[in-house]
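Visitor: I am new to this structure. Please take me closely through one part, the surroundings of the ligand, and then show me what lies beyond.

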Amino acid sequence: MNAPNETLEPPKTLRPRPKLGLGNAWIGQEEELLVSQVLRTKRPFRYTYDLAPEEQGTMTATLERETREKMQVGYALAVTSGTAALETALAALGIGPGDEVIVPAWSWVSCFTSVVRMGALPVLAEIDETFCLAKGEITRLVTPRTKAVMVLHYQGVAADMDDLMAEARAAGIRVIEDCAQSIGATYRGRHAGTIGDIGIYSYQFQKSITSGEGGMVVTQDARLYERAVRFHDLGFLRPHHALFVTPECGDFCGAQYRMNELTGAVALAQFRKLDKMRAHCRALSRRILSGINDLPGLEFRRIPDPDGDSGFEIYFCLESADLAQEFSRQLHARNVNCSKMTGTYCQYERGYCKNRATYHPASSPFAKFTEWPAPGYRAEDFPKTEALVHRFVSLPLGVLYTGDDADYITETVREVHREIFAANGHIALE
Ligand SMILES: Cc1ncc(COP(=O)(O)O)c(C=O)c1O
């Protein structure tokens, strides 16, 4: 009789798991240099009055200028976070109590909470196989109270902007583009964030480029810029910003979301690395996709403009949630990273949506609903979204991944596919 282990194959030595990371993995001398420049000047505040308005805020102002130039957009305003940027964008559009904003149900916490914080009602919408807002949802959900739609460009990929813009314009509402996860992504040659009325980026730690925390608001509209500047700085329009826009609105009560110069220095150094980082991830993603896109049974995420995506995460769906879970389990066991890199969940599954609590009951846009959860805030109201979000596998890529990593991922996806479908036996094998 054989010894117990004799018939087993010798254990394979696994390839080391590649290290994840986007901008954060490339923090280096460039960031150090700019941060030390700020420290040497002893001016970490952007509006120092010993300098003329045009010289104030070397790092933040340069970041804003380079953003305007790169994104081909008229105005850019640095703020403290992507969430602050969303609130600033909503405030710039004058959105408040009594208003409704259409938001994809599958989105980040602050897509919902920023609307609620402004006193407005988030109206949840379905996503489609792009993992972004589905076409037809604006038309379905618009009411006389709808002021805007928040289009989220999910994980490096721009949404179906031509169709969504046409719908929003037909409905007479404004478009906020949330590009927190998609800085640098383009749609038919235009930068995500610059197609609608106002857009935002985030420099939080897990984003493509990072200063730990930080954000940016962009717009082509001078008045929206003036209102954004005022909202982010206690209602003021300081002389530096008056260089770009002639003031027309008076002071109003704003928030305090100003970016400081140290954050600006890191964000600026990172911003200058954006193209290189995108090129690296896009090349890896193309290499993997070309090796797995023939596999039967995998439905790949639809990318409305494949020339513009950032390529740092590949998504495909399987027939069932169980199959997707098993696929991910087996990839993970072979040292292929496959956890999704965002905290994106369905809003109707989150605690604040389930209990409709706000920081003060009088500020709640949900008070008018006699029953809760009201229709539109329950999983059963989102059949399309539910049919997608439990069945996907994601393959995050990163700046430290190599071509060999990409080839290993390709081979491993094929191997796991072969084994899973052989075990399930219902799809022709390669
Ligand atoms: C889609 C989306 N919007 C907004 C934000 C908010 O950005 P921040 O974390 O910088 O506040 C995030 C951050 O995760 C996000 O993913």
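Guide: Start with one term. A polar contact is a pair of N or O atoms within 3.5 Å. Keep that cut-off in mind for the ligand. Note too that this is a predicted model.

Take Ser202. A polar side-chain atom of this residue is 2.7 Å from an oxygen atom of the ligand. That distance falls within the 3.5 Å cut-off, so the pair counts as a polar contact. Thr83 also reaches the ligand with its side chain. There, an N or O atom lies 2.6 Å from a ligand oxygen. Lys207 gives another such pair: a polar atom of its side chain sits 2.6 Å from an oxygen atom of the ligand. How much of the ligand does the protein bury? On its own, the ligand exposes 390 Å², and the protein buries 93% of that.

Now widen the view to the whole shell. It holds 14 residues. Those that come nearest are Gly82, Thr83, Asp178, Ser202 and Lys207. Sorted by character, the shell has 8 polar residues, 4 nonpolar and 2 charged. Which element gives the most to this shell? Helix 3, residues 82–92, does, with 3 residues.

Step back to the domains. The domain assignment gives domain 1 as 26–271. Domain 2 comes in two stretches, 274–344 and 383–424. Their C-alpha centres are 29 Å apart. The two domains also touch: 33 residues of domain 1 contact 30 residues of domain 2. An interface is often sized by the accessible area lost when its parts come together. Here domain 1 and domain 2 bury about 3,000 Å² between them. Carbon and sulfur atoms carry 59% of that area. On the domain 1 side, three residues stand out. Trp26, Phe131 and Gln155 supply 24% of the area that domain 1 buries against domain 2, more than any other three residues.

Two backbone details finish the tour. Trp372 and Pro373 are joined by a cis peptide bond, with omega at about -5°. Look for Pro373 in the loop between helix 12 (351–355) and helix 13 (383–389). The other detail is Gln72. Its phi is positive, about 55°, although Gln72 is not a glycine. Gln72 sits in the loop that runs between helix 2 (58–71) and strand 1 (75–79).

Technical notes
Residues are numbered from 1 along each chain as its sequence is written. This is a predicted model: local features need pLDDT of at least 70, side-chain atom pairs count only at pLDDT 80 or more; totals for chains, interfaces and linings use all residues. Side-chain values use heavy atoms; hydrogens and water are left out. A residue is near a molecule or strand if one of its heavy atoms lies within 4 Å of it. A polar contact is a pair of N or O atoms within 3.5 Å; within protein, one must be able to donate a hydrogen and the other to accept it, and residues adjacent in sequence count only if both atoms are side-chain atoms. Accessible areas come from the Shrake-Rupley method with a 1.4 Å probe; for residues, only the protein chains shown count as cover. Helices (H or I, at least four residues) and strands (E, at least two) are DSSP runs, numbered from the N terminus. Ala, Val, Leu, Ile, Met, Phe, Trp, Tyr, Cys and Pro count as nonpolar, Asp, Glu, Lys and Arg as charged, and the others, Gly among them, as polar. Domain bounds come from an automatic or database domain assignment. Contact means heavy atoms within 4.5 Å. Buried area is the accessible area (1.4 Å probe) that two parts lose on being put together, summed over both.
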